[in-house]
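Subject: Structure handover

Hello,

Here is the structure I said I would pass on. Please look through it first, then read the notes underneath.

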Amino acid sequence: MIILSTEALRSQIYFLENFNYPAGDSIGAHGWIWNTGTTNTILVVSPGLTYAGYPMSGIGNACRLRNNGNDAYKGMDSIITSGDLYIAFMVRIDSVQATGDYFFAMLPSTSTTNYTARFYAKDSSGNVSFGVSKNALGSNPVAWTGGSYMR
């Protein structure tokens, strides 16, 4: 005899961004707040990213980041104070610095400098490696993936 039991997952989406805006728009026109200047404004580009099997694939457009541009953030309506938080996103890397730089970060609503987590990319012999840091870099350095991925 086999008994299967399932319990409904108790989860909710805290933040969802598909860049479902017209190509050429600044993300600032859609609720994003500039954090560091206005050089190389982040623009919506078309087409969006796709990946077979990823449920959010092919929805909306994308945005292009440059290695010497501004940062932008979007406030979250709710603050998570306990439990687990899972993050998923698609990224396409065309070029990347050898020393690495972050391209996505989480931070509390009360600060634009006290990062909770940052996600990095760096050149790895022509491929790309990804990394993540927790809290301030001084106490928690970037943990890089063991492998590298084709660009």
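**What was found**

The protein chain exposes about 10,800 Å², and carbon and sulfur atoms supply 53% of that area. Please keep in mind that this is a predicted model.

**The chain as a whole**

The chain has eight strands and zero helices. Read from the N terminus, its elements therefore run β-β-β-β-β-β-β-β, where each β is a strand as counted by DSSP. Of its 151 residues, 18% count as buried. Among contacts between residues at least 6 apart in sequence, 43% join residues at least 24 apart.

**The largest nonpolar core**

Which residues make up the largest nonpolar core? There are six in all: Phe19, Tyr21, Ile27, Trp32, Ile42 and Val44. In soluble globular proteins, nonpolar side chains tend to be buried together.

Val44 is a useful residue to click on in the viewer. Setting aside its neighbours within four places in sequence, Val44 is in contact with Phe19, Tyr21 and Ile27, which are also members of the core. Its other contacts under that condition are Pro22, Ala23, Gly24, Asp25, Asn61, Ala62 and Cys63.

**The second largest pocket**

This pocket has a volume of about 410 Å³. It is lined by 16 residues, and those closest to its centre are Phe89, Met90, Val91, Arg92 and Phe130. Two strands, β6 (117–124) and β7 (127–134), each supply at least two residues of the lining. By type, the lining divides into twelve nonpolar residues, three polar and one charged.

**Four residues to look up**

Asn18 lies in the segment before β1 (33–34). Is Asn18 buried or exposed? Its relative accessible area is 17%, and because buried means under 20%, Asn18 counts as buried. Leaving out neighbours within four places in sequence, Asn18 is in contact with Met56, Ile59, Gly60 and Asn61. Asn61 is also among the contacts of Val44.

Asn70 is in the loop between β3 and β4 (72–73). With a relative accessible area of 5%, Asn70 is under the 20% cut-off and so is buried. Asn70 and Asn35 are 35 residues apart in sequence, while their C-alpha atoms are 6.9 Å apart in space.

Arg64 belongs to strand β3 (residues 62–64). Its relative accessible area is 41%, which falls between the 20% and 50% cut-offs, so Arg64 is partly exposed. Not counting residues up to four places away in sequence, Arg64 touches Ile42, Leu43, Val45 and Arg92. Of these, Ile42 is a member of the largest nonpolar core, and Arg92 is one of the residues closest to the centre of the second largest pocket. The C-alpha atoms of Arg64 and Asn40 are separated by 9.8 Å, with their positions 24 residues apart along the chain.

Ser95 sits in the loop between β4 and β5 (101–106). Its relative accessible area of 60% is over 50%, so Ser95 counts as exposed. The C-alpha atoms of Ser95 and Asn67 are 8.9 Å apart, and the two residues are 28 apart along the chain.

Regards

Technical notes: Residues are numbered from 1 along each chain as its sequence is written. This is a predicted model: local features need pLDDT of at least 70, side-chain atom pairs count only at pLDDT 80 or more; totals for chains, interfaces and linings use all residues. Side-chain values use heavy atoms; hydrogens and water are left out. On a 1 Å grid over the protein atoms alone, a cavity is a set of points where a 1.4 Å probe fits but cannot get out, and a pocket is an open set with protein on both sides within 12 Å along at least five of seven lines; lining residues have an atom within 4 Å of a point. Grid points are joined across faces, edges and corners, and a volume is the space filled by probe spheres set on the points. Helices (H or I, at least four residues) and strands (E, at least two) are DSSP runs, numbered from the N terminus. Ala, Val, Leu, Ile, Met, Phe, Trp, Tyr, Cys and Pro count as nonpolar, Asp, Glu, Lys and Arg as charged, and the others, Gly among them, as polar. A nonpolar core is a set of buried Ala, Val, Leu, Ile, Met, Phe, Trp, Tyr and Cys residues joined through side-chain atoms within 4.5 Å. Buried means under 20% relative accessible area, exposed over 50%, partly exposed in between (1.4 Å probe, protein chains only). Contact means heavy atoms within 4.5 Å. Accessible areas come from the Shrake-Rupley method with a 1.4 Å probe; for residues, only the protein chains shown count as cover.
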